[in-house]
Amino acid sequence: MLNNLIRYFFFSVLISLVCLNNGCDSSTEPEDCAGESGGNAYIDDCGVCISEGSGLIENYLMDCAGNCNGDMMEDCNEECNGSAFLNMCGVCVEGSTGLNENHCGQVIDMDGNIYETVAIGDQIWMAENLKVTHYNNGDIIQSGLNGSEWLSMAGTESGAFSIYEENIENMNVYGALYNWFTVSDGRGVCPEEWNVPTIDDWRNLIDYSGGIEVAGGKLKALGTIETASGLWFDPNLDASNDYGFSGLPSGFRHVVNDGFYSLQGSVGYFWSSTEYNDNGSSAYGIGLRSNTADVWLTSFNEGNGFSVRCVKD
């Protein structure tokens, strides 16, 4: 009996010395996957040990389809293995978004009108005609002018706009028709960080759209009046609206013959901010026409009332 007590004493001392030198865990709780007794680390669905201090996220090796070490990812529209992507404007497009790859969101003018915008090449354009009635400083743009008053604006080089045949519905659909003195006014008519395009801006757009012989078709809105599918008169030759520019046949207001209106449905003329010569009589603009696929780039009398598209700075 004494011998057993002595042996037990020496064995206890030995165990104590071993624990003192190497450490002993007297806990009876099991170790977790990180080797911690009683710890809360665990194995996720992909076999990775996840603990609070590891910095790892549960199932971080799992792709959006639930496959460990898979390569499927959510697109910008949160669709697994989807094809949507961020375009140059930072907008999530294509895939299941329902948005064309050129879509660039919206911009608001001084009056609160909202316009869709599109990316074309390295430019961003309004996809609708301008309809603002105030300069950016809040001054009113003159309007509601009869024929002789309209002509007098050219004589005094004063800004003004008209609504085709004074029908407000035309304003809603086609925008306003501005003389060149409005678009060249330093008070500005385009939204902040947008401008009336220079003739070089128009040339860049035309070049990107395949050149002057075919660009008109790519920039015109689709459909015809005769088929109740659009706003252009037949034939609306080669119209494809490739980039969503949606050029419209707004017609124009003349600076001759008592300022009459003409050619809505057949042509759309758009101002540039570039003056053609120094005598203050003409400025560059472009024309889209129903019966041709080209772009008419030329100079026009500054007193005419044309449509305006704005381009981002």
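This text walks through a predicted model, from its nonpolar interior to its surface.

Start inside. The largest nonpolar core has 31 residues. Within this core, L130, Y178, V189, W271 and V308 have the most contacts. Several elements feed the core. Strands β5, β6 (114–120), β7 (123–126) and β13 (267–275) each supply at least two of its residues, and so does helix α4 (180–183).

Take L130 as a way in. Setting aside neighbours within four places in sequence, L130 is in contact with Y178, V189 and V308. Those three are also among the residues with the most contacts inside the core. L130 further meets Y115, G175, A176 and C310.

A second core lies apart from this one. It has 22 residues, including V118, W232, F245 and V295.

V118 leads on to N102. Residue N102 touches V118, along with its sequence neighbours T117 and A119. N87, D242 and Y243 are also touched by N102, with residues up to four places away in sequence not counted. N102 sits in the loop between β4 (92–93) and β5 (103–108). Is N102 buried or exposed? N102 counts as buried because its relative accessibility is 11%, and the cut-off for buried is under 20%.

Now move to the surface. I57 belongs to another loop, the one between β2 (49–50) and β3 (85–86). Its relative accessibility is 61%, so I57 counts as exposed. The cut-off here is over 50%. I57 has partners: together with L56 and Y60, I57 forms a nonpolar patch on the surface. The patch has about 300 Å² of accessible area in total.

Definitions and conventions:
Residues numbered from 1 in each chain as written. Predicted model: local features only at pLDDT ≥ 70, side-chain atom pairs only at ≥ 80, totals over all residues. Heavy atoms only, no water. Patch = residues over 30% accessible without salt bridge, like charges linked within 9 Å, V, L, I, M, F, W, Y side chains within 5 Å. Areas by Shrake-Rupley, 256 points an atom, 1.4 Å probe, with all protein chains shown as cover. Salt bridge = Lys/Arg side-chain N within 4 Å of Asp/Glu carboxyl O. Helix = DSSP H or I, 4+ residues; strand = E, 2+ residues; numbered from the N terminus. Buried < 20%, exposed > 50% of the residue type's maximum accessible area, 1.4 Å probe, protein only. Contact = heavy atoms within 4.5 Å. Core = buried A, V, L, I, M, F, W, Y, C linked by side-chain atoms within 4.5 Å.
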